[in-house]
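Here are some comments for a colleague who is meeting this structure for the first time. Please keep the sequence and the view side by side while reading.

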Amino acid sequence: MANIVRNSLAGVAMMALGLTLAACGGGEEAKKAEAKAASGATSQTVTIAVASLQNLPRTVTASGTISAWEEVPVGAETGGLTATGVFVDEGTWVRQGQPLVQLNDALLRAQLRQQQAAVQTAEANAARDQAALERAQELKGRGFLSQASLDTALANQRASAANVLAAQASLSETRTRLAQATIRAPVAGQVIRRSVTRGQIVGAGTELFRIVRDGRLELDAQVPETELALVRAGQTAVVSSDEVGEAAGRVRIVTSEVDAASRLGTARISLTGGAFRPGMFARSRIEVGDQPAVTVPTAAVLYRENRAGVFVMGGENRVHFQPVTVLSRTADQTAVGGLTAGSRVVVAGAGFLGEGDRVTVAAAPRAAAPVRAAAPAKK
């Protein structure tokens, strides 16, 4: 009986020792597997492409505010008169010289008649003194008149002539003021603002209307300084708004100044057609022509944390996420900024990668060997 107990205890000890050794061996195998995974021995198979430099049609996008090409303020030159008639309103198209406002000109018309009578009186006096001078000269030639009397007649004639000129100047001034009582459009265009009402006493220099010359509008597009050098006068553009749709445009001028705070320059785009109004917000697409750009397959571009980027192959077949700026995109190719030509980027499998992952590059498929025709059997 004692022998049986001793044998049982020995068996139990051997089983415990075996389990301990097995547990130790299993831990070492797990550590080896973890180290193997950490070293990247198992990697994902991907395909790569080389970023290339190509000349592609380039579009610069910019946004800004619609403004008038030229706003012309219309004011009163003659002050202190009452507006007796207002003939146009906001939104009215006017032609150059068209009456806009009529001021009360009753007093000016009375002054005009007075000045006309003064001119007639001065002309009559001048004619009388001219005749007297001619008689005095004739009598002086005959020796019947002294030199002093001749000098007096000559002075009277010159004074009368000066009075005629003064009366005519006063008459011209009154006529001018009378013409200014009818305020006319200085240019053709569209009235966008009216600040006068009938019965208002208008002061000299008061702005009454504001006219957009020829009705021409333009977009003050704010262009980043990095793309400002690509935009030039004469380039075509498309201006769009969610409210009024699209309109054709053309770059009229590119300002030479860049805002120091926003780092934006201004390209003024003249609009053709459309229902835009001054003050509206709009976007533009400016066609700047073919420009050299680094291109990658569109499938290689992905977004991480709202940033566009590509996975670039590095040393030891590890990938690095490189943020890029998307310049233009097609179904196959995407032009990007922030990437150098010749970089190797991941295409297939890029969406499953993380920073620093090790990958295996798939071999390029071999072209199928041409099939040779079977030789005819010898007879």
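The numbered points below go through a helix, a sheet, a group of paired strands and some ring contacts.

1. Before anything else, please bear in mind that this is a predicted model.

2. Helix 2 covers residues 106–142, which makes 37 residues, and its reach from the first C-alpha to the last is 55 Å, close to the 54 Å expected at 1.5 Å a residue. Just after helix 2 comes Gly143, whose phi is positive, near 85 degrees.

3. Which residues of helix 2 are buried? They are Leu108, Leu112, Gln115, Val119, Ala122, Ala126, Asp129, Leu133 and Ala136. When you look at how they are spaced, it helps to recall that an α-helix has 3.6 residues a turn, so residues three or four places apart point the same way. The elements against which the buried residues of helix 2 pack are strand 5 (81–86) and helix 3 (147–180).

4. An open sheet is formed by 4 strands, which follow the order 8-7-5-10 and pair in the antiparallel sense. Strand 8 (182–184) and strand 10 (201–202) each have a single partner strand, so these two stand at the edges and one side of each is left without a neighbour in the sheet. Strand 7 (residues 99–103) is joined to strand 8 by 3 bridges in the antiparallel sense, and here Gln102 stands opposite Thr182 of strand 8.

5. Strand 15 (residues 264–272) pairs with strand 12 (residues 217–224) over 7 bridges, in the antiparallel sense, and one bridge to look for is that between Ala221 and Ala267 in strand 15. Strand 14 (residues 245–258) also pairs with strand 15 over 7 bridges, again antiparallel, with Val258 having Gly265 as its bridge partner in strand 15. Strands 14 and 15 form a hairpin with 5 residues between them, and in the turn Arg263 has a positive phi of about 60 degrees.

6. How many aromatic pairs does the structure hold? There is 1 aromatic pair, made by the rings of Phe311 and Phe321, whose centres are 5.4 Å apart and whose planes meet at 65 degrees, so the pair is edge-to-face. Because Phe311 lies in strand 18 (residues 307–313) and Phe321 in strand 19 (residues 319–323), the pair ties together parts that are 10 residues apart in sequence. Phe311 is buried, with a relative accessible area of 1%, and Phe321 also counts as buried, at 10% relative accessibility.

7. A last contact to inspect involves a charge and a ring: the charged end of Arg216 sits over the ring of Trp69, 3.8 Å from its centre.

Methods. Residues numbered from 1 in each chain as written. Predicted model: local features only at pLDDT ≥ 70, side-chain atom pairs only at ≥ 80, totals over all residues. Heavy atoms only, no water. Expected span 1.5 Å × (residues − 1). Buried < 20%, exposed > 50% of the residue type's maximum accessible area, 1.4 Å probe, protein only. Contact = heavy atoms within 4.5 Å. Pairing = 2+ DSSP bridges. Phe/Tyr/Trp six-rings, centres within 6.5 Å; stacked < 30°, edge-to-face > 60°. Lys NZ or Arg CZ within 6 Å of the ring centre and 35° of its normal.
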